[in-house]
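Thank you all for coming, and please have the structure open on your screens while I talk. I will go slowly and explain each term when it comes up.

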Amino acid sequence: MSKIKIHHAAEVMVITVDNPPINAGSTEVRQGLLDAIHLLESNIDLKAAVIIGSGNTFIAGSDIKEFSQPLADPHLPLVIEAIENCSKPVVCALHGAALGGGFELALGCDARIALEGTILGLPEVTLGIIPGAGGTQRLPRLVGVEKSIELICSGSRIKADVALELGIVSEVVKTELLTHAITLARSMIGVKNRIRDRSTPAVLAEMVAAASKKALKAGKNRPQVQRAIEMICNSLKLPIDEALAIEREVFQGLRTSVEAKALRHQFFSERKLFKALGFNDAKPQTLNQIAVIGAGTMGSGIAMACLNAGYAVILLDQNEVALANGVKRVEQFYESRLHGGKMHQETVLELLGRFLHSSNWNAIASADLVIEAVFEDIAVKHQVFKEIDDHAKEDALLASNTSYLDIDAIAAASKNPSRVFGLHFFSPAQVMKLIEVVRCKATSSIAMATGFSFAKRLGKMPIISANSFGFIGNRIYAAYRRQCEYMLEEGAYPEQIDKALEDYGFAMGPFAVADLSGLDIAWGMRKSQAATRNPEHRYVSIPDALCLANRLGRKTGAGYYLYAEGAKEKSTDPIVHEMIDAASKAKGLQRRTVTPEEIVKRVLLTMINEVAHLLSENVAREASDCDIALVNGYGFPRWQGGPTFIASEMGQALLDQGLRELAILSGPGFVLANTDVLFKNSRD
Ligand code: NAD
């Protein structure tokens with residue numbers, strides 16, 4: 001079946017892209033468009049054309065699978081060249097989304113008209129590439145270099161009304177897009193209006209420098225962002241054909257890079273996550289009101305996440321002061337959005353109009369979902385679940401935000417454990433993308449399906465986990481931190497480890513993170529596990545020594561680093577070096593140089609090993625879920641793809657060899673995983 005449909009509206013040829021579900025630009029689409037343009041040129045009865053998408057959208061992007069292989073002819077630049085060289089005008093009619101190659105195609109036409117609400121954008125940088133079909137040359141000719149840097153380097157999307165203001169589209173219509181597009185095409189008969197014939201508006205060098213600096217900072221200096229800026233600047237100084245040829249070459253080079261492959265892996269992992277989930281075909285329950293129990297750090301953040309997604313929220317805390325503080329946090333958050341120009345007053349008023357708070361359990365009577373975020377203490381959780389049972393509707397779903405407690409044990413306090421599950425948010429809950437949706441022994445499929453779709457509506461990445469200590473993310477993180485502690489003992493210092501990992505791309509090194517969240521949390525956990533810990537296993541005492549010295553991190557002014565009063569930055573503390581040296585000596589370890597390469601390698605191998613355990617134990621459903629968790633909850637650099645991507649790049653033989661060496665370095669207590677689980681798909 002052809003992906004391009006053609007019909008004639010008198011002298012106007014209507015070319016419809018018909019490649020459901022998103023009309024992605026594929027080889028067949030490109031070939032069909034090219035044929036249509038040739039037909040337009042050769043048919044003397046036809047004087048103009050309209051290109052439009054069928055169904056809900058224009059071309060919402062390229063077929064990303066194609067990017068992993070050599071691209072088949074005809075390439076998009078050839079199609080655009082044909083439109084530009086055609087003697088008859090071509091109008092692009094946009095609705096739904098015009099993204100990536102779809103937007104570039106539109107820029108190759110003589111005019112653009114959009115339906116209200118259409119979104120437009122060039123998201124290529126988010127896939128490690130740059131627009132490769134003229135986006136970096138034609139957009140600056142329309143909107144200037146500064147705006148192009150902002151739009152292309154962020155990969156952001158704009159709405160049709162903004163595109164109209166910027167002069168990207170010439171008309172925005174409320175209905176009858178095709179009719180209006182045909183009228184526009186008719187009015188242009190005999191006229192060509194190619195963007196390539198314009199020149200990019202001149203701009204001061206300082207303005208370009210400022211826009212570039214901002215874009216590079218936001219884009220973490222990634223190569224595709226740097227190259228996009230260079231290409232956009234070329235539009236000021238090079239003839240368009242020369243600049244287009246360079247753009248294409250750079251696009252092709254980036255497309256085949258490991259970094260772009262890693263970003264595609266993330267893209268497909270996320271798509272798989274949202275697609276593959278059938279909870280025995282259970283339909284999610286409708287949720288209107290959410291009750292959040294506990295108005296602390298997490299409770300107030302969760303309340304904001306729910307308010308942002310349009311839910312009515314009731315925040316409950318038994319402690320009046322804690323409740324008032326939690327409510328204040330929520331209100332201050334929206335006030336700052338208002339003052340920062342990020343939200344309109346009406347939006348804030350509407351949002352806060354959906355926000356109730358109380359210290360009385362009767363207030364949760366009409367909630368459809370109750371999320372508890374009270375102290376991490378099983379007795380408190382039991383007491384809270386009893387109150388919920390007594391006061392919530394019978395069919396309300398109940399979720400715990402516990403980090404480490406056994407949710408089956410929490411659910412045991414409920415009369416109906418089938419409605420209990422875990423919703424593990426990350427701090428700050430209104431910002432962090434990751435949520436672990438935890439399935440317990442008795443959790444019903446409806447509860448899981450509802451939890452998943454709720455998390456999705458919050459705009460989060462919901463990872464399904466079994467009810468197991470630390471779930472997925474914290475389990476990998478604990479293994480990672482342990483490995484870093486081994487390296488402290490062997491010869492590295494915290495700042496060396498943090499720097500090596502930050503240079504690799506982690507948002508923060510593990511010791512800076514530990515100082516930020518407070519060393520006492522993990523200390524409490526270690527103390528609670530002390531009685532059951534195997535004395536034969538390697539145990540690093542450095543964190544305990546820091547805690548005993550009341551170095552609990554930022555909050556006490558010292559932890560792995562020193563935080564001098566008034567100082568903005570952390571600084572290295574010689575006392576910590578002495579404590580670490582002493583710990584090595586006490587174990588009879590000869591300190592040695594641990595290189596940044598060794599640090600990164602050991603951390604990645606440790607993560608891969610833990611992912612393999614999680615899969616073997618059926619805690620995680622998909623290897624790629626673990627990559628998503630690390631990127632969205634733990635500051636793992638997205639452009640490195642995640643542990644399982646790295647494992648697949650290494651191949652099983654090399655990985656197993658690396659893990660055997662890691663096991664020797666790590667010593668007793670390190671359990672080598674069977675990596676077959678990571679490679680099963682490649683063998684199937
Ligand atoms: P927090 O101490 O800031 O807040 C807990 C709140 O619960 C307090 O306001 C307290 O008054 C209230 N509370 C205690 N007992 C209650 C009861 N019986 N009824 C009603 N309210 C009660 O704690 P937090 O950091 O927000 O953590 C809450 C939960 O979220 C814990 O289970 C924690 O493990 C989990 N969690 C925390 C983080 C984090 O980074 N802080 C991240 C993920 C999950």
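Asp197 has a relative accessibility of 53%, and so counts as exposed, where exposed means over 50% relative accessible area, buried means under 20%, and partly exposed is in between, with a 1.4 Å probe and protein chains only. Before I go further, please keep in mind that this is a predicted model, in which local features need pLDDT of at least 70 and side-chain atom pairs count only at pLDDT 80 or more, while totals for chains, interfaces and linings use all residues. Residues are numbered from 1 along each chain as its sequence is written, and side-chain values use heavy atoms, with hydrogens and water left out.

What is the partner of Asp197 in a salt bridge? It is Arg194, and the closest N and O atoms of the two are 3.0 Å apart. By salt bridge I mean a side-chain nitrogen of Lys or Arg within 4 Å of a carboxyl oxygen of Asp or Glu, and by this rule the count comes to 36 salt bridges. Arg194, at 22% relative accessibility, is classed as partly exposed.

Let us turn to a second pair, Glu490 and Arg538, whose side chains meet in a salt bridge with an N to O distance of 3.1 Å. This pair links distant parts of the chain, since Glu490 belongs to helix α18 (residues 473-490) and Arg538 to the loop between α21 (519-529) and α22 (542-548), 48 residues apart. The helices (H or I, at least four residues) and strands (E, at least two) that I name are DSSP runs, numbered from the N terminus. Are these two partners buried or exposed? Glu490 counts as buried because its relative accessibility is 8%, and Arg538 counts as buried too, at 17%.

The third pair is Asp581 with Arg591, a salt bridge in which the closest N and O atoms are 3.1 Å apart. Here again distant parts of the chain are linked, with Asp581 in helix α23 (residues 574-586) and Arg591 in the loop between α23 and α24 (596-616), 10 residues apart. Both count as partly exposed, Asp581 at 31% relative accessibility and Arg591 at 22%. Salt bridges that share partners also join Glu489, Glu490, Arg538, Lys587, Arg592, Glu598 and Arg602 into one network.

Two members of that network, Glu598 and Arg602, bring us to helix packing, as they are among the residues of α24 in its contact with α27. Two packed helices are described by the angle between their axes and the distance between the axes. For α24 and helix α27 (residues 652-666) the angle is about 105° and the axes are 10 Å apart, where axes are lines fitted to C-alpha atoms, for helices over the stretch in contact, and angles run from 0 to 180 degrees between N-to-C directions. That makes α24 roughly perpendicular to α27, because angles of 65 to 115 degrees count as roughly perpendicular, under 35 as roughly parallel, over 145 as roughly antiparallel and the rest as oblique. Contact means heavy atoms within 4.5 Å, and on the α27 side the residues include Leu655, Gly658 and Leu659.

Next, the aromatic rings. A search of the whole structure finds 14 aromatic pairs, and rings of Phe, Tyr and Trp (its six-membered ring) pair if their centres lie within 6.5 Å, with planes under 30 degrees apart counted as stacked, over 60 as edge-to-face and the rest as tilted. The rings of Tyr477 and Tyr480 have centres 5.2 Å apart and planes at 70°, so this pair is edge-to-face. Being three residues apart in helix α18, Tyr477 and Tyr480 are separated by about one helical turn. Tyr477 is buried at 12% relative accessibility, and Tyr480 is buried at 2%. Both belong to one aromatic cluster with Phe426, Tyr504, Phe506, Tyr634 and Phe636.

Finally, a few words on the backbone. Most residues other than glycine have a negative phi, and most peptide bonds are trans. In the loop between β2 (12-17) and α1 (27-42) we find Pro21, which a cis peptide bond with omega of about 5° joins to Pro20. That loop between β2 and α1 also holds Asn23, which has a positive phi of about 55° although it is not a glycine, and which counts as buried at 1% relative accessibility. Lys220 likewise has a positive phi, about 50°, but Lys220 is exposed, with a relative accessible area of 53%.
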